[in-house]
Amino acid sequence: MLFVEPKVKCVYKINKQKAMYINCKTFFSYRYGTYSTEELVNAAEELGVTSMAITNINNTADCWSFYQLCKQKNIKPVLGVEVRNEDTYCYLLLARNNKGFEQINRFVSYYLINKIAFPEIPSVDENVNIIYPLPDTLRQYKANEYIGIKPEQVNKLFGKDIEAIKNHLIIQQPVTYQNKKYYYLHCLLRAIDKNIVLSKLQPEQAAGKQETFIKAAQLLSSYNTIPEIITNTYRLIDDCNVSIELHQDKNKKYFTASKEDDADLLSKLALDGLQYRYGRNKAAKERVLKELKIINELNFNAYFLITWDMLQYAKLRGFYHVGRGSGANSIVAYCLQITDVDPIELDLYFERFLNPSRTSPPDFDIDFSWADRDEIIDYMFKRYGKDHVCLLGMFSTFQFNASVRELGKVYGLPKSEIDQMAEGNFSKDKIHTKILYNAKLLQNFPNHLSIHPGGILITEEPVYAYTALEKPPKNFNVAQFDMFVAEDIGVYKFDVLSQRGLGHIKDTIQLVRQTRGVDIDIHNVESFKKDKNVAENIRNSNTVGCFYIESPAMRQLLKKLKCDDYTTLVAASSIIRPGVGQSGMMQEYIKRHHNPDKFEYLHPLMKELLQETYGVMVYQEDVIKVAHHFAGLDLEEADILRRAMSGKYRGNKEMQRIEAKFFMNCKQKEHPEHIAKEVWRQIASFAGYSFSKAHSASFAVESYQSLFLKTYYPVEFMVAVINNFGGFYNRELYFQQLKKTGVKVELPCINNSVHLTNIKDGIVYMGFIHIKNLDTKTITGILEERVTNGQFLHLQDFLSRIPLGTEQINLLIKIDAFRFTGINKKELLWHANFLSRPKELAVSKTHLFEEEPVNFTLPDLSQTAFENMLDEINIMGFTIHNVFDMIQEDMTLYPKARDISLLKGQTVTCIAYLVCTKYASTKKDNRTMYFGTWLDANGDWLDTVHFPNSASAYPFSKRGFYKFTGEVAEEFGAFSINVSWMQKIGHMS
């Protein structure tokens with residue numbers, strides 16, 4: 001039967017004021033949609049939309065944000081996905097219920113994880129509604145299968161026999177962008193995605209020109225001739241009902257079989273640990289029992305036990321860890337050896353860790369060595385099952401400079417012009433104007449899914465109940481949503497992080513065991529805190545290589561504080577954060593630290609609350625105490641303030657609400673307005689930067705462990721730092737620091753070096769890894785041949801056993817790896833290029849009799865020390881010799897770092913080698929300035945300050961030697977030079 005206008009009575013009354021949209025996208029359809037989730041829902045509300053579906057391309061990233069926003073606007077949310085293979089639209093999947101949403105997530109995950117194309121017909125059951133595009137040939141459709149008809153497609157139904165499928169036709173008006181302006185932005189995004197110029201974008205690669213919200217009457221009138229389509233759409237929308245209790249805990253409920261069993265096990269472990277940590281201590285036991293009660297009441301037993309179990313596995317594998325975060329305030333965590341921070345010793349604020357108003361578990365940030373973390377993550381996946389574990393996602397976003405570069409390519413501009421624009425140099429050219437305008441529009445659009453630095457989700461229900469998964473190169477499944485969505489729905493992350501500092505510690509301990517036969521108890525932190533030699537190293541800021549306290553800024557701060565004890569180091573670990581510095585309170589803290597009786601507290605309550613930190617808010621706990629006791633915010637509000645400061649809310653609405661409550665309460669308490677404003681200024685300056693005291697204390701523990709190793713095993717420690725690829729500084733600096741210990745440091749050697757830097761017979765041999773462009777295959781061949789057939793006798797012996805190309809052998813010769821032969825490098829290069837060599841790496845040759853090397857009579861081919869250093873720089877990027885030998889200056893004419901303290905207030909001219917710079921901007925007029933960190937000819941540190949006029953007139957030009965003039969300044973015992981003139985000099989200029 002051909003299409004005729006049907007005369008049927010609609011089951012649903014058609015409301016011309018209401019429209020339905022089952023195919024809406026946001027900018028989480030990466031490089032496609034242009035609506036934010038909130039803008040989409042707001043736009044729908046303005047149009048009077050009563051129901052709509054979110055269907056982003058191949059992901060469900062913002063489904064729950066969409067759900068929450070729709071509920072707030074009394075719009076019925078329908079959750080789904082638009083499935084595509086590249087530019088080919090396949091179908092929509094809409095969840096009829098929660099089982100359907102889980103099934104959609106499983107389906108999408110399977111194809112994304114396995115990186116295979118989606119099928120023509122999806123393998124889902126009756127819990128999912130499927131909407132196909134209008135096909136050329138109609139077929140039989142199941143009850144949950146539909147055909148989406150766009151307004152412009154209605155006429156295509158003429159001439160088709162639709163009687164059998166008329167109940168499967170529904171309205172499909174896609175919503176992708178807001179208006180014409182955003183359609184253009186959409187096209188730019190598509191060109192960025194395809195990496196083509198805009199003029200090359202094909203129609204099938206972009207959305208249609210009608211994919212916007214349109215008025216209800218206009219939309220529905222398009223289907224007047226087939227009212228069943230409207231009726232079917234109402235029915236479809238009514239059929240979709242997904243619901244969730246937001247902000248209710250959805251983590252794994254029990255570690256054992258029940259809440260009671262969890263509570264019993266946690267209590268046993270905590271009380272056993274209490275005996276280990278404190279012996280008989282009444283106050284400690286009372287706090288343990290108090291914590292256990294609250295932990296049980298808040299249903300956090302499993303959270304503690306899962307963390308404890310993970311660390312038991314780590315201990316079994318010999319992995320070191322540091323436990324930090326707000327959970328380090330917990331005495332139960334201390335007794336379980338999750339942390340090494342004693343909350344009683346440091347008087348840690350219990351309410352920062354747990355209070356009866358808190359709904360989310362405390363934060364445990366567990367650090368492992370970068371080399372061990374993936375094994376821990378793998379254990380968690382296998383321990384709790386891949387259906388219940390995933391890594392937490394996050395989103396890489398378009399930022400202005402990157403957007404300018406991408407748009408420049410889309411408009412076909414040359415790289416040189418794009419570089420100029422990225423540096424802020426725009427002309428009034430029409431193309432430049434468009435790029436500037438659209439780059440601002442793109443600001444903070446999500447660009448692609450990324451991985452949270454440490455978050456792991458472990459859920460009671462399968463993770464697919466909440467999110468689809470992807471598998472990036474890390475090889476672990478990753479949620480498509482971020483921590484904001486996770487916390488909204490009640491899934492709280494476990495933070496399993498990595499850092500190189502723990503690698504330093506682990507490798508140092510192993511090296512000391514190998515070289516000295518000594519076993520170190522690295523957890524004996526209490527004795528480290530009391531060690532006078534360790535204290536002296538902190539006081540002198542001899543901390544290079546030590547976790548968290550090696551940067552120039554931190555070394556300066558340690559000097560200014562004259563820090564030589566644990567408590568001061570804990571404070572320094574938080575003071576160094578930008579929050580305290582930006583509030584202007586860092587200088588105030590240092591001043592009060594040295595003059596504790598010569599300042600006035602801002603308010604009497606501040607003395608009561610912040611006496612330990614001289615009236616300065618240093619930790620998150622301080623903010624909570626001040627907000628609660630000074631401003632009268634309840635603990636829940638104070639915790640919201642803390643979370644807002646830590647960047648754990650999107651946007652700043654929560655901060656604005658709490659700010660209003662803060663000032664209203666201060667007014668009611670009759671606090672002077674100027675004091676209330678100053679207190680709030682200090683609080684607000686912490687935003688995104690503050691540490692909890694327990695977090696700082698955990699950092700300080702690891703710093704002490706590093707300091708102990710550096711103090712008593714400096715060679716092994718610095719080798720471990722180098723083998724973990726450093727920390728704040730580059731390899732060159734760490735090798736120079738290694739040489740300052742007095743140990744002999746040798747360049748890579750064919751007979752003594754291995755892959756990494758090693759210690760052999762009291763000599764340090766650089767690892768082959770430091771030779772740029774030396775193949776891993778070459779290194780492996782050398783090491784295996786040496787093990788099998790012994791050391792190499794001479795160059796000819798080496799070449800007969802290790803077949804290498806000219807480039808590889810030349811690298812080894814130029815880095816002087818054959819110096820054991822006693823022949824200089826130029827002669828060896830001549831020999832190497834005349835000796836016959838096998839073409840391929842094969843089974844090593846062995847000889848019944850030792851072959852005599854071929855000798856040549858050569859002219860004098862001498863090699864200078866300067867040439868050797870140049871070779872090292874070209875091959876490794878740095879020299880291990882005294883770099884000052886490369887400049888022709890009489891260094892005795894210039895003051896050294898050790899002289900600077902005697903020249904305060906005087907103008908000096910120095911020559912120094914640049915280590916690093918730090919950018920800053922002035923508070924008053926936001927002008928650029930720099931701090932410079934240098935080495936003098938003795939390898940000692942020099943610090944410089946480059947105020948805006950000097951920074952502008954005499955800019956840095958990469959590393960190398962500089963001559964500079966400036967006045968010596970002193971602040972709290974730390975000296976620096978305020979540079980007024982500077983010039984790059986020497987070979988590296």
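Seven strands line up as an open sheet in the order 1-2-3-4-5-6-7, and their pairing is mixed. Keep in mind that this is a predicted model. Further along the chain there's another open sheet, this one built from three strands, and a pair of helices, 29 and 30, that pack against each other.

**The seven-strand sheet**

- Strand 1 and strand 7 (169-171) sit at the edges, each pairing on one side only.
- Going from one strand to the next, the twist averages 30 degrees.
- As a bit of background, the strands of a sheet pair through backbone hydrogen bonds, and they can do so in either a parallel or an antiparallel way.

**Where strand 1 fits in**

- Strand 1 covers residues 20-24 and is mostly covered, with five of its five residues buried.
- Its partner is strand 2 (residues 51-57), and the two pair in the parallel sense over three bridges.
- If you want a spot to look at, find M20, whose bridge partner in strand 2 is S51.
- Strand 1, helix 1 (residues 37-46) and strand 2 together make a right-handed β-α-β unit.

**Strands 4 and 5, with a helix across them**

- Strand 4 (residues 88-95) and strand 5 (residues 128-132) go the antiparallel way, pairing over four bridges.
- Here L93 stands opposite I130 of strand 5.
- Helix 3 (residues 98-113) lies across strand 3 (76-85), strand 4 and strand 5.
- Against strand 4, helix 3 runs at about 150 degrees.

**Helices 29 and 30**

- Helix 29 (residues 693-712) and helix 30 (residues 714-723) pack with their axes 5 Å apart, at an angle of about 125 degrees.
- Angles above 115 and up to 145 degrees count as oblique, so helix 29 is oblique to helix 30.
- On the helix 29 side, the contact is made by S706, L709, K710, T711 and Y712.
- Helix 30 brings P714, F717 and M718 to that contact.
- Sorted by type, the residues of this contact are five nonpolar, two polar and one charged.

**The three-strand sheet**

- The strand order in this open sheet is 15-17-16, again with mixed pairing.
- Its edges are strand 15 (744-746) and strand 16 (758-760), and each of them pairs on one side only.
- Neighbouring strands are turned by 30 degrees against each other on average, direction ignored.
- Strand 15 and strand 17 (residues 763-765) run parallel and are joined by three bridges.
- Within that pairing, V745 stands opposite V764 of strand 17.

Conventions:
Residues numbered from 1 in each chain as written. Predicted model: local features only at pLDDT ≥ 70, side-chain atom pairs only at ≥ 80, totals over all residues. Heavy atoms only, no water. Buried < 20%, exposed > 50% of the residue type's maximum accessible area, 1.4 Å probe, protein only. Pairing = 2+ DSSP bridges. Right-handed = clockwise from strand over helix to strand, strands pointing away. Axes fitted to C-alpha atoms, helices over the stretch in contact; angles between N-to-C directions. Parallel < 35°, antiparallel > 145°, perpendicular 65-115°, else oblique. Contact = heavy atoms within 4.5 Å. Nonpolar A, V, L, I, M, F, W, Y, C, P; charged D, E, K, R; others polar.
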